[in-house]
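Visitor: I would be grateful for a close look at a single part of this structure. Please explain it as you would to a first-year student.

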Amino acid sequence: MPPVLQVLLITFPFFALVLAGYLAARRRLLPLEAIPGLNGFVLFFALPCMLYRFGSTTPIAQLLDAKVAGLYLLCGLLVVGVTIAITLNARIRWNDAAFGALVAAFPNSGFMGVPLIVALLGDSAAGTVILTMVVDMLVTSSLCIALSRLDGAGGSGRSAVWPAARKALRGVLTNPMPWAIGLGGVASAWAFQLPGPVEKTVWLLADAASPVALFTIGAVLARAQMTANHPMPLGDYLPVAALKLVVHPLLVLGAGLLAMRLGLGLSSAALTVMVLTAALPSASNVSLLAERFGADNGRIARIILVTTAVAFLTFSGAVTLLT
């Protein structure tokens, strides 16, 4: 069987579940009012259990790899800077430009990346994906939220940056995913195992994370598209989608190869996982953040929708080339 077809056979079910959720919401088989409930189940129950399971069974060194975190963060910051530089104009001000930058730099590593990349590369890849997720949740998202507050005359916009950053940090602290990762890392370091019945319960919820999360992504995208009630030029969102699917992974690949040539101790396996993570479509939760902070959620939803649809081919191609 050709390698490309082998990869497509692995990735197809993941994207098919996204499509199923999208069609279910579009055809109202899934009421739009039920989508927050699905999202809540994934965010507060299933996904934290999956992240805890991977964290507790992953060597702690993988979760604390400063080389991976630093290199990935540097590339993310470059994507944020480039996106803002090419999109900021008289119509797209700091609020919309900053969330466009976030959607260009923040891959869907939680809902899609961990289960998909583990299915492709094995459990050993989970630690690197989880580490990149922590970087995006703690630094990239907080920075972009702070930048989104720069709108306003004189110093009024800048004076709101630090309150926005604190609000973003509070959002991280109330997000169960970083806590699940942290608890999993502690369990890994101490070789701690949950009591049998508790572990079985956690593992059952973890097994539900991948299918429900992927289905929910599709439903969220459909809802966002259905509620976006104003036309928009292609130039407002297609370049950002290209930055996410093409520039971001290529930037990570180039920086990683340079780091390896300089003898910085980055392994080829870690670099492969980092590039595939960067090649994922945009994180669907950025749409919720944009809505909360008053950005143009229709634009963000279009970027997420385009990257999710096109990533079936671009991500599969990246897998074929790298593996």
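Guide: In this predicted model, helix α7 supplies the largest share of a nonpolar patch, namely three residues. The patch lies on the surface and is formed by Leu77, Leu138, Val139 and Leu143. Together these four residues have about 280 Å² of accessible area. Leucine 143, for its part, is located in helix α7. Its relative accessibility is 31%, so leucine 143 is classed as partly exposed; the partly exposed class lies between the limits of 20% and 50%.

Helix α7, which spans residues 126-147, also has a role as cover: it is among the elements that lie over the buried residues of α4. The others include α5 (94-105), α12 (238-261), α13 (268-278) and α15 (297-322). The buried residues of α4 are Val68, Ala69, Leu71, Tyr72, Cys75, Gly76, Val79, Val80, Thr83, Ile84 and Thr87.

Helix α4 itself runs through residues 66-87, a total of 22 residues. From its first C-alpha to its last it reaches 31 Å, which is close to the 32 Å expected at 1.5 Å a residue. At the start of α4, the backbone nitrogen of lysine 67 has a side-chain oxygen of aspartate 65 within 3.1 Å.

One of the covering helices, α15, contains asparagine 297. Asparagine 297 counts as buried because its relative accessibility is 16%, and the cut-off for buried is under 20%. The side chains of asparagine 297 and serine 287 are joined by a polar contact of 2.7 Å. Leaving aside residues up to four places away in sequence, asparagine 297 touches Ser287, Ala290 and Glu291.

Note on methods
Residues numbered from 1 in each chain as written. Predicted model: local features only at pLDDT ≥ 70, side-chain atom pairs only at ≥ 80, totals over all residues. Heavy atoms only, no water. Helix = DSSP H or I, 4+ residues; strand = E, 2+ residues; numbered from the N terminus. Expected span 1.5 Å × (residues − 1). Buried < 20%, exposed > 50% of the residue type's maximum accessible area, 1.4 Å probe, protein only. Contact = heavy atoms within 4.5 Å. Polar contact = N/O pair within 3.5 Å; in protein donor to acceptor, adjacent residues only side chain to side chain. Patch = residues over 30% accessible without salt bridge, like charges linked within 9 Å, V, L, I, M, F, W, Y side chains within 5 Å. Areas by Shrake-Rupley, 256 points an atom, 1.4 Å probe, with all protein chains shown as cover. Salt bridge = Lys/Arg side-chain N within 4 Å of Asp/Glu carboxyl O.
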